[in-house]
Amino acid sequence: MSVAHSLDPQCIPRHVAIIMDGNGRWAKRQHKPRLYGHKVGVDSVQEIVECATELGVEVLTLYAFSTENWKRPADEVGGLMGLLKNYLQKELNRMLKNNIRLTCIGNIEKLPSDVREVLEKTMAETAKNSKLTLNLALSYGGRSEMVHAIRNIAEEARAGKLATEDIDEKLIDSHLYTAGLPDPDLLIRTGGEARLSNFLLWQASYAEIYFTDMMWPEFREAAFIQAVKEYQGRERRFGQTSDQVKSG
Ligand code: IPE
Ligand code: IPE
Ligand code: MG
């Protein structure tokens, strides 16, 4: 890590989820096309992945493309898909070297077939890696994820594989795209907006939320460390009183 930091190594969030927002506005400020913002945004992704790995974060979920983002102009969608494919091809060796496992959440059937092929190949080749899980949210929406889960649960109930009483939080968890991953501890949104935009609606119930006005292309290592620092200063109560939390 290039930046010296004063983080408590005992209190690193296990799962950090990031809404990487602000690429377009950042580019506009530089009088550049939106796609340029997305390109520089990929450099931020590289840097944050490396930093999270070094800090010992277990899961890093990056919101790269939402179900609603399909409504953007075709050239922007195409440009983003191209950047994703390039990123995966370029980063495979580094993922192997740094013990990074790539996973994804979302309706990936909707991705162009060439992008899906590279994605599936990268996931297969990194499947046994165990340091950081880099989880890309692609064509992801929290509501659509719930529809997908409820359909599967209903199908299992119809087939007699489970009873209504079997439906509890754990069962729902196990039918979400994030099955097997811990809930996010820290949710960061760059770009100045204070909203979830359909991201991890179920899983973020008790995430600590950190909003910053910084645009995603400028969000780098020092900014990430600052966000984790703030997280470390928060008291997570999970509905209990402060005294209860302190007495363990
Ligand atoms: C985030 O940046 C990247 C994606 C949503 C794909 P934006 O493209 O949303 O940038 P702004 O919010 O328009 O500045
Ligand atoms: C959220 O950003 C989605 C991603 C970062 C991929 P948007 O730019 O799509 O969100 P809104 O439209 O401002 O809510
Ligand atoms: Mg945006």
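1. Let's start at ligand 1, where a backbone N or O atom of Asn-23 lies 3.1 Å from an oxygen atom of the ligand. Please keep in mind as you read that this is a predicted model. The neighbouring entry in the sequence numbering also takes part: a polar backbone atom of Gly-24 is 2.9 Å from an oxygen atom of ligand 1.

2. Side chains reach ligand 1 too. Arg-34 has a polar side-chain atom 2.9 Å from an oxygen atom of this ligand. Ligand 1 has 13 residues around it, and those that come nearest are Asp-21, Gly-24, Arg-25, Arg-34 and Arg-72.

3. Now to ligand 2. Which residues are around it? They are Ile-19, Met-20, Asp-21, Tyr-63, Ala-64, Phe-65, Asn-69, Arg-72, Arg-189, Arg-195 and Ser-197. Asp-21 and Arg-72 are worth finding in the viewer, as they are also listed among the residues that come nearest to ligand 1.

4. Three side chains around ligand 2 deserve a look. An N or O atom in the side chain of Arg-195 is 2.8 Å from an oxygen atom of the ligand. For Asp-21, a side-chain N or O atom is 3.1 Å from an oxygen atom of ligand 2, and for Arg-189 a polar side-chain atom lies 3.4 Å from one.

5. Arg-34 leads us from ligand 1 to the helices, since this residue of H2 is also part of the contact with H3. On the H2 side are Arg-34, Leu-35, His-38, Lys-39, Val-42, Val-45, Gln-46, Val-49 and Glu-50. They meet Glu-76, Gly-79, Leu-80, Leu-83, Tyr-87, Lys-90, Glu-91 and Arg-94 in H3. These contact residues divide into 7 nonpolar, 3 polar and 7 charged.

6. How do H2 and H3 (residues 74–97) lie relative to each other? Their axes come within 10 Å and cross at roughly 30°. Angles under 35 degrees count as roughly parallel, so H2 and H3 are roughly parallel to each other. Their crossing is right-handed.

7. H2 (residues 34–55) also packs with H7 (residues 221–232), at an angle of about 45° and with the axes 9 Å apart. The two helices are therefore oblique to each other. The crossing of H2 and H7 is right-handed.

8. Finally, what does H2 bring to H7? Glu-47, Ile-48, Cys-51, Ala-52 and Leu-55 in H2 meet Glu-221, Phe-224, Ile-225 and Val-228 in H7. The residues of this contact comprise 7 nonpolar, no polar and 2 charged.

Definitions and conventions. Residues numbered from 1 in each chain as written. Chains lettered and ligands numbered in written order. Predicted model: local features only at pLDDT ≥ 70, side-chain atom pairs only at ≥ 80, totals over all residues. Heavy atoms only, no water. Axes fitted to C-alpha atoms, helices over the stretch in contact; angles between N-to-C directions. Helix = DSSP H or I, 4+ residues; strand = E, 2+ residues; numbered from the N terminus. Parallel < 35°, antiparallel > 145°, perpendicular 65-115°, else oblique. Left-handed = near helix turned anticlockwise from the far one by under 90°. Contact = heavy atoms within 4.5 Å. Nonpolar A, V, L, I, M, F, W, Y, C, P; charged D, E, K, R; others polar. Near = heavy atom within 4 Å. Polar contact = N/O pair within 3.5 Å; in protein donor to acceptor, adjacent residues only side chain to side chain.
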